[in-house]
Amino acid sequence: MASSLSFLLLILLVSPFAALLLALAVLVRPRAARIPLKGRHVLVSGGSSGIGFDLARRAAAEGARVSILARDRSRLADAREAIRLATGVDAAVIAVDVRDAEGVARALEAADPIDVLICNQGVFVPQELDLQSLEEVRFMVDVNLMGTFHLIKAALPAMKKRARETGIPASIALMSSQAGQVGVYGYTAYSASKFALRGLAEALQHEVVADNIHVTLIFPPDTETPGLAEELKRRPEVTNKIAASTGGMKADKVAQIALNGIKSALFAVPCNFEGAMLCIATAGLSPQPSISMAFREVLGASLMRLVGLCFQWNWFGVIKKWHTEKGM
């Protein structure tokens, strides 16, 4: 009798979760897919250093035909040689400024059709908005957001055609940031340029799903790159105090996680525990091809909202304390 009652209680406990999983199996969109890399053309912007370089190197190691795009020809040459020494693959190099729409269009028209486009370029100049020049604001928006538009516009027609002809899923990946999930002191312009990528990615996924193209949005935290070293020189004191509560990552580890997410055709790819919490907290109406991730989002949304409020309580406390210490 006791064992029967225990079994009944177990069924009652498990049934709602099983029903939710069954519902999610029907609801999640777009459908799960795998993006193969071997023998396919992977183009990485910002590929001469940092996360972009490690993405290109890892893709080459998996048998992809790799192109790296950046502004500096000498750094591109160095990156190409490093990829060749590490993988035996001769990466193609494309020297162009992503802010130049016509230059990007010409460069990608001359390149082989792209199967996986990774828009990884990014610049960051941290400062409070009232102290920051509009030239710096435009610089971040032009590189981080408009540069991504330029790359996608130039690559998309050939990507659609190739995906139709081969029947193999293609991918467009956008490198956002955890600052593209939550705004932080000193990141006003940067966060705006990275938040915008989310709207771009969500709408674009609707537009290209029928073309067998999957969109991936990657959210790295502070990452040990040459760009971070420059950022730290300018970052406001308050920002450093807030950022001290989150951990940085090695560029190669971010690249590994990002590439795995691209291959799994995930829409949102967090890179650490805080990023996973942010993805649950900010899921909203975003696409979700993963049943397991959708399950965590549904169950964890309320808890993550509470956790988010705790973070904001801490951050506002840091800001208030700093102003008090400065007598402001």
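This report describes the nonpolar cores, the empty spaces and three individual residues of a predicted model.

**Nonpolar cores**

The largest nonpolar core comprises 51 residues, and Leu117, Ile152 and Ile172 have the most contacts inside it. Helix α5, spanning residues 134-166, supplies the largest share of this core, with ten residues. Leu117 is in contact with Leu43, Leu151, Ile152, Ala155, Met159, Ser171, Ile172 and Ala173, once its neighbours within four places in sequence are set aside. Another core lies apart from the largest one; it has 35 residues, including Ile35, Ile68, Ala173 and Ala258. As a general background, nonpolar side chains in soluble globular proteins tend to be buried together.

**Pocket and cavity**

The second largest pocket has a volume of about 240 Å³. Its lining is formed by 13 residues, of which Leu266, Ala268, Pro270, Met293 and Arg296 are the closest to the pocket centre. Three elements give two or more residues to this lining: β9 (268-270), α10 (273-281) and α11 (291-325). Of these, α11 gives the most, with four residues. By class, eight of the lining residues are nonpolar, three are polar and two are charged.

The structure also holds one cavity of 30 Å³ or more. The largest cavity contains about 40 Å³ of space. Its lining consists of Arg198, Phe267, Ala268, Cys279, Ala283, Ser286, Pro287, Gln288 and Glu297. Five of these lining residues are nonpolar, two are polar and two are charged. Ala268 is one of the residues closest to the centre of the second largest pocket, and Ala268 also lines the largest cavity.

**Three individual residues**

The table lists the relative accessible area of three residues with their burial class.

| Residue | Relative accessible area | Class |
|---|---|---|
| Arg40 | 6% | buried |
| Ser193 | 1% | buried |
| Pro270 | 22% | partly exposed |

Arg40 lies in the loop between α1 (2-27) and β1 (41-45). With a relative accessible area of 6%, Arg40 counts as buried because this value is under 20%. A polar atom of the Arg40 side chain lies 3.1 Å from the backbone oxygen of Pro36. Not counting residues up to four places away in sequence, Arg40 touches Ile35, Ala64, Arg65, Asp115, Ile168, Pro169 and Ala170. Among these contacts, Ile35 is also a member of the core of 35 residues.

Ser193 is found in helix α6, which covers residues 188-208. Ser193 is buried, with a relative accessibility of 1%. A polar atom of its side chain lies 2.7 Å from the backbone oxygen of Tyr190. Beyond residues up to four places away in sequence, Ser193 touches Met140, Val141, Asn144 and Leu145.

Pro270 belongs to strand β9, an element that contributes two or more residues to the lining of the second largest pocket. Pro270 is classed as partly exposed because its relative accessible area of 22% falls between the limits of 20% and 50%. Residues up to four places away in sequence aside, Pro270 touches Phe219, Ile257, Gly275, Ala276 and Cys279. One of these, Cys279, also lines the largest cavity. Pro270 and Thr87 are separated by 183 residues in sequence and by 27 Å in space, C-alpha to C-alpha.

Technical notes. Residues are numbered from 1 along each chain as its sequence is written. This is a predicted model: local features need pLDDT of at least 70, side-chain atom pairs count only at pLDDT 80 or more; totals for chains, interfaces and linings use all residues. Side-chain values use heavy atoms; hydrogens and water are left out. Buried means under 20% relative accessible area, exposed over 50%, partly exposed in between (1.4 Å probe, protein chains only). A polar contact is a pair of N or O atoms within 3.5 Å; within protein, one must be able to donate a hydrogen and the other to accept it, and residues adjacent in sequence count only if both atoms are side-chain atoms. Contact means heavy atoms within 4.5 Å. On a 1 Å grid over the protein atoms alone, a cavity is a set of points where a 1.4 Å probe fits but cannot get out, and a pocket is an open set with protein on both sides within 12 Å along at least five of seven lines; lining residues have an atom within 4 Å of a point. Grid points are joined across faces, edges and corners, and a volume is the space filled by probe spheres set on the points. Ala, Val, Leu, Ile, Met, Phe, Trp, Tyr, Cys and Pro count as nonpolar, Asp, Glu, Lys and Arg as charged, and the others, Gly among them, as polar. A nonpolar core is a set of buried Ala, Val, Leu, Ile, Met, Phe, Trp, Tyr and Cys residues joined through side-chain atoms within 4.5 Å.
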